[in-house]
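Reader: I should like to go through this model in a series of questions, with each criterion stated when it is used.

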Amino acid sequence: SSNAMWGGRFAEGPASVMREINASIGFDKRMWRQDIQGSRAHAAMLGAQGIIAAGDAEAIDAGLEQIAAEYADAGVPEDARLEDIHMHVEARLAEVIGPAAGRLHTARSRNDQVATDFRLWVRDAIDEIDTALAAFQSVLIGRAEEHAETVMPGFTHLQSAQPVTLGHHLMAYFEMIHRDRGRFEDARERLNECPLGSAALAGTGFPIDRFAVAEELGFERPTDNSLDAVSDRDFALEFLFAAATCAMHLSRLAEEIILWASQPFGFVALSDAWSTGSSIMPQKRNPDAAELVRGHAGRIQGCLVALMTTMKGLPLAYSKDMQDDKVPVFEAHDLLTLSIAAMTGMIGSVTFRRDRMLHAAEAGFSTATDLADWLVREAGIPFREAHHIVGSAVKLAEQDGKPLDALSLDQLQAIDPRIDGRVFGVLSVGASVASRTSHGGTAPAQVRARIADAKAAIGMG
Ligand code: ARG
């Protein structure tokens, strides 16, 4: 039989593969709450404007409320003949309230309907992710506070560079996550315009009140161009970009956890709850969750590229290609939500091994810059020359197989007579980090000051 929604001009029903390729109910049923929310606002407006009878508007509202209760209770029962969530809700409404259900779609198309539902869904997702990211930030702050004085090697090129504190290192991720929250918030602000009332593409001649619907749905205002409103998916792309960037940050932290948990580093021991064993090697304690966070970041990035590619060739206005917008957004959302939760759990419970970190910080001549800075400050030597002198000291220490601060004063003075005994005050890793007091530097006092700012920024007590 032909389609109940649009079958008026069709003699035959669709081929089964036609039905299958067209169907989106399998994934868009996730938007049922937003679909019902949008329809209730639309119906109330139609009633208030006298476009449909007040009694019909009330019946529609009560019917939609009942359907919401049914779906909340038992999920959306899928019917293969009804292609998407919009048709499922409308068909069920007809069963519940009878012919008045047919008036709901007045002055509306699925094109503005789906654009509205999807914006509502993405908006909800942003709010949920923001809460999760704030929780992750407070875990980062807590661990950073605990380790404001813990010395570890700082790297460039993954080579020992200068000692830093673990607190400082962890707070670097706080900053990244803070920018991520800002990107989501920014996307939310631009997203928050209501497409409903744009109808299929050209607007409608019915005397609708788009401002009332926008307000009812928590949007700032109605969109200003009906063609753009039904064919714009920038909000989904911005969400995906923010998600991909956030996932990239989580992936970098995951990569560090993986590296730090390896035996040669041994900087961290993952808790039992966040480790996996091996079916063959009994000694194993693997960082699988961190590896999956690193892996998921690639998939989330793939979601962004997928939708960008879907959109780039579409003429105005709606084309069915756009139905493919949902799967990548849902997938990115699910992967990101899981990744945030996993990183929050891992960082909250990981043991940082101060001894191993300190030992590694002391290796690799990481205070060479401090010696050069001392020569500049105390002996008035130009930095370039100081750099050269310290190079000779590092070479000598390397030959002797000892750290810089184990060279004798005689050895140092043989390299440059302007060096005196006070130099030993700057050659330890502790002295090195304590000296980096510039704003945003690694000195424990700076780290504590930035932690205080961070707590204020996220409203943490
Ligand atoms: N399921 C469709 C989607 O997600 C709804 C819009 C259908 N509109 C249309 N003109 N066929 O895009």
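The exchange below takes up the ligand site, the salt bridges, the recorded domains and some backbone features.

Reader: On what basis are the values given?

Author: The model is predicted, so local features need pLDDT of at least 70 and side-chain atom pairs count only at pLDDT 80 or more, whereas totals for chains, interfaces and linings use all residues. Residues are numbered from 1 along each chain as its sequence is written, and side-chain values use heavy atoms, with hydrogens and water left out.

Reader: Which helix contributes the largest share of the shell around the ligand?

Author: A residue is near a molecule if one of its heavy atoms lies within 4 Å of it. By that criterion the ligand is surrounded by Ser24, Asp28, Asp84, His86, Arg110, Asn111, Val114, Tyr318, Lys320, Gln323 and Lys326. Helices are DSSP runs of H or I with at least four residues, strands are runs of E with at least two, and both are numbered from the N terminus. The largest share of the shell, three residues, comes from helix α6 (residues 110–146).

Reader: How many residues of the shell around the ligand are charged?

Author: Ala, Val, Leu, Ile, Met, Phe, Trp, Tyr, Cys and Pro count as nonpolar, Asp, Glu, Lys and Arg as charged, and the others, Gly among them, as polar. The shell holds two nonpolar and four polar residues, and its charged residues number five.

Reader: How much of the accessible area of the ligand does the protein cover?

Author: Side-chain N or O atoms approach ligand nitrogen atoms at 3.3 Å for Ser24, 2.9 Å for Asn111 and 2.7 Å for Gln323. Of the 340 Å² of accessible area that the ligand has on its own, the protein covers 87%. Accessible areas come from the Shrake-Rupley method with a 1.4 Å probe, and for residues only the protein chains shown count as cover. The covered share of the ligand is thus 87%.

Reader: Which residues are linked with Asp84 in a network of salt bridges?

Author: A salt bridge is a side-chain nitrogen of Lys or Arg within 4 Å of a carboxyl oxygen of Asp or Glu. By this rule the model has 35 salt bridges. Asp84 also belongs to the shell around the ligand, and its partners in the network are Glu83, Arg110 and Lys320.

Reader: In which helix do Asp453 and Arg450 both lie?

Author: The side chains of Asp453 and Arg450 form a salt bridge with an N to O distance of 2.9 Å. Buried means under 20% relative accessible area, exposed over 50%, and partly exposed in between (1.4 Å probe, protein chains only). Asp453 is partly exposed at 42%, and Arg450 is partly exposed at 23%. The two residues are three apart in sequence, about one turn of the helix, and that helix is α18 (residues 444–457).

Reader: Is Arg377 buried or exposed?

Author: Arg377 forms a salt bridge with Glu378 at 3.7 Å, N to O. Glu378 is partly exposed because its relative accessible area is 37%. At 53% relative accessibility, Arg377 counts as exposed.

Reader: Which residue joins its side chain to Asp325 in a polar contact?

Author: Asp325 lies in the loop between α11 (288–311) and α12 (326–349), and its relative accessibility of 0% makes it buried. A polar contact is a pair of N or O atoms within 3.5 Å; within protein, one must be able to donate a hydrogen and the other to accept it, and residues adjacent in sequence count only if both atoms are side-chain atoms. The contact has a length of 2.6 Å, and the partner of Asp325 is Arg233.

Reader: What share of residues 365–434 is helix?

Author: UniProt, in an unreviewed entry, places the feature "domain: Argininosuccinate lyase C-terminal" at residues 365–434. UniProt positions follow the numbering used here, feature names are shortened, and annotations may be inferred rather than shown by experiment. The end C-alpha atoms of this span lie 17 Å apart, its strand content is 0%, and its helix content is 61%.

Reader: Which peptide bond is cis, with omega near 0°?

Author: Most residues other than glycine have a negative phi, and most peptide bonds are trans. Ala317 is placed in the loop between α11 and α12. The cis bond runs from Leu316 to Ala317.
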